[in-house]
Amino acid sequence: MMFQAATLRVVQRVLTLGTLSAAAAFLPGCIVVSHGYSDSPQYTETRTVVVPVNAGTAVDVRTRNGSVEIGSGAAPEAVVVATLRARTQQRLDDAKLVADDSGGTLNVRVEWPDGRAQPGEGCSVKIDAPAPNGVHVDTSNGRITLRDTAGLADLDTSNGTIRVTNHAGEVLADSSNGAIHISDASGPVEAITSNGRIELVNVGGRAVANTSNGSIMAHLAESSPGPVQLRSSNGSIDLAIGSAFVGELKVSTSNGNVRLNSPATVSNMVSGRSATLQFGSGGPSSSVRTSNASVSITSTSSARQPAISR
């Protein structure tokens, strides 16, 4: 069922005519239109949709060229605020914001005229819903932010930062050109980016992090048994593990040092650049590897509490 009746439209239009004063560009309720050539969308509209949902409803957002923010709200419904950008007023008017509860999932997407968005067109989405449980986000050229969510979080953006705070469940985060910050996640975490720093703080389960051009900081929860798989081509790796961590950990770097400050049996130390560590008896295999930086292995209790990057 679609709840478009509750849609509130706030249209901002600004007319730019060559020497139009800067003050006029900020007049409330104006329209911004450029009479010169531009490849950027010229028309913007913000729409709000309220959808009755049950607590624990999953959320699925599919958009492009826009950020997505999802959080837990106290109201007994989901509030969806979307900012659309289009190349013409007609295309903006014809674009449909779809927000409906189908099979226990809140689905949010934009249906563009002629079935496709034109270059530069896109939509940013902000959602407050009661205790979201299960989140899927697919966007491009925009950041993804989650707070106070649960279940499986499957997050994908091509050019933007991913930030997750206080998530009860598993997190899969993928960005090709952006940093990834995940804190207070109780389940397994997988973070992959090609150009950005990865920060994992107080992770309760398995931790996988892979970046080509960035450092990695992975501080596991005291109760996390691991394992970890951390890879960086051009960045340092800082791993802090708790007392519950178990298994073999292989550490290596090509152009850097390995620094150890954790209660483990160390073997096969080679030139300060590689080592094998054993925590407890048995357990799964873990690895930490970088090419052009140092590696630090410490215990969670002795590691300085990190400040998450903003």
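Which residues of strand 16 form its covered face, and which its uncovered one? In this predicted model, strand 16 spans residues 189–193. Val189, Ala191 and Thr193 make up the covered face, while Glu190 and Ile192 lie on the uncovered one. That fits a general pattern: side chains in a regular strand alternate between the two faces of the sheet.

Now look to either side of this strand. Strand 14, residues 171–175, runs parallel to strand 16 and is joined to it by five bridges. One pairing to look up here is Asp174, whose bridge partner in strand 16 is Ile192. Strand 16 also pairs with strand 18, residues 207–211, again in the parallel sense and over five bridges. There, Glu190 has Val208 as its bridge partner in strand 18.

Next, let's visit the core. The largest nonpolar core holds 64 residues, and Ile127, Ile182, Leu200 and Leu239 have the most contacts inside it. Strand 7 supplies the largest share of this core, with five residues. In soluble globular proteins, nonpolar side chains tend to be buried together. If you centre your view on Ile127, you will find it in contact with residues distant in sequence, including Val59, Val61, Ile70, Val79, Leu106 and Val108.

Finally, turn to Gly73, which sits in the loop between strand 6 (68–72) and strand 7 (77–86). Gly73 counts as partly exposed because its relative accessibility is 23%, and the cut-off for buried is under 20%. Beyond its sequence neighbours, Gly73 is in contact with Asp128, Ala129, Pro130 and Ala131. Gly73 and Pro130 are 57 residues apart in sequence, yet their C-alpha atoms are 5.0 Å apart in space.

How values were computed:
Residues are numbered from 1 along each chain as its sequence is written. This is a predicted model: local features need pLDDT of at least 70, side-chain atom pairs count only at pLDDT 80 or more; totals for chains, interfaces and linings use all residues. Side-chain values use heavy atoms; hydrogens and water are left out. Buried means under 20% relative accessible area, exposed over 50%, partly exposed in between (1.4 Å probe, protein chains only). Helices (H or I, at least four residues) and strands (E, at least two) are DSSP runs, numbered from the N terminus. Two strands pair if DSSP finds at least two bridges between them. Contact means heavy atoms within 4.5 Å. A nonpolar core is a set of buried Ala, Val, Leu, Ile, Met, Phe, Trp, Tyr and Cys residues joined through side-chain atoms within 4.5 Å. Lists of a residue's contacts leave out its neighbours within four places in sequence.
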